[in-house]
Amino acid sequence: MRGLGDHLSIGERIAFYRKRRGYTQEVLAGLVGRSTDWLAKIETGRRKPPRIDMLAELARILRVPLGDLLGQTVLVEDERQQDDVPAVRDALMSPRRLSRLLFGPEAEVQLPTPAPVAVRVEQAWNDYQGGRLAH
């Protein structure tokens, strides 16, 4: 739920991820060995959030980091240099920067002109139709 804000309770986050996974309350409650009523009360805030071990189990079943259920802030930077996820997340979370890159004045300079490509495509098509294929 990165980027949706920290205004949601733990129960609301559990409900969000449960729905995103396509689980009903009955299914998720069964997977953690609890009743549907217990989960419904957690999600609606009528019951205190579960202990950390149960939250960890819910996170595992929902396939999300425990921090996402707890509402911990997520850093866009990552210490691993080979990880591209932070860069993608940064681009998606700042659409103005992305659109400026794609549609700004600098983008016009980077666009290829179609005329030379059209000539090559026409030549290749004529060679193909004439049976002149390279081996």
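**View 1. Five salt bridges in the predicted model.** The structure holds five salt bridges. The model is a predicted one. Three of the pairs, Arg18–Glu43, Arg60–Glu57 and Arg132–Asp127, are shown in the views below. Side chains of opposite charge can pair when their charged atoms come close.

**View 2. Arg18 and Glu43, a salt bridge between two helices.** The two side chains meet with N to O at 2.7 Å. Arg18 belongs to helix 1 (residues 10-21) and Glu43 to helix 3 (residues 36-44), so this pair ties together parts 25 residues apart in sequence. Arg18 is buried, at 7% relative accessibility. Glu43 is buried too, with a relative accessible area of 7%.

**View 3. Arg60 and Glu57, a salt bridge within helix 4.** The N to O distance is 2.7 Å. Both residues sit in helix 4 (residues 52-62). They are three residues apart, about one turn of the helix. Arg60 is exposed, at 55% relative accessibility. Glu57 is partly exposed, at 27%.

**View 4. Arg132 and Asp127.** Here the closest N and O atoms of the salt bridge are 3.2 Å apart. Arg132 counts as exposed, at 51% relative accessibility; the cut-off for exposed is over 50%. Asp127 is partly exposed, with a relative accessible area of 32%.

**View 5. The protein chain as a whole.** The chain has nine helices and zero strands. Of its 135 residues, 24% count as buried. The accessible surface comes to about 10200 Å², and 56% of that belongs to carbon and sulfur atoms. Among contacts between residues at least 6 apart in sequence, 45% join residues at least 24 apart.

Notes
Residues are numbered from 1 along each chain as its sequence is written. This is a predicted model: local features need pLDDT of at least 70, side-chain atom pairs count only at pLDDT 80 or more; totals for chains, interfaces and linings use all residues. Side-chain values use heavy atoms; hydrogens and water are left out. Helices (H or I, at least four residues) and strands (E, at least two) are DSSP runs, numbered from the N terminus. Buried means under 20% relative accessible area, exposed over 50%, partly exposed in between (1.4 Å probe, protein chains only). Contact means heavy atoms within 4.5 Å. Accessible areas come from the Shrake-Rupley method with a 1.4 Å probe; for residues, only the protein chains shown count as cover. A salt bridge is a side-chain nitrogen of Lys or Arg within 4 Å of a carboxyl oxygen of Asp or Glu.
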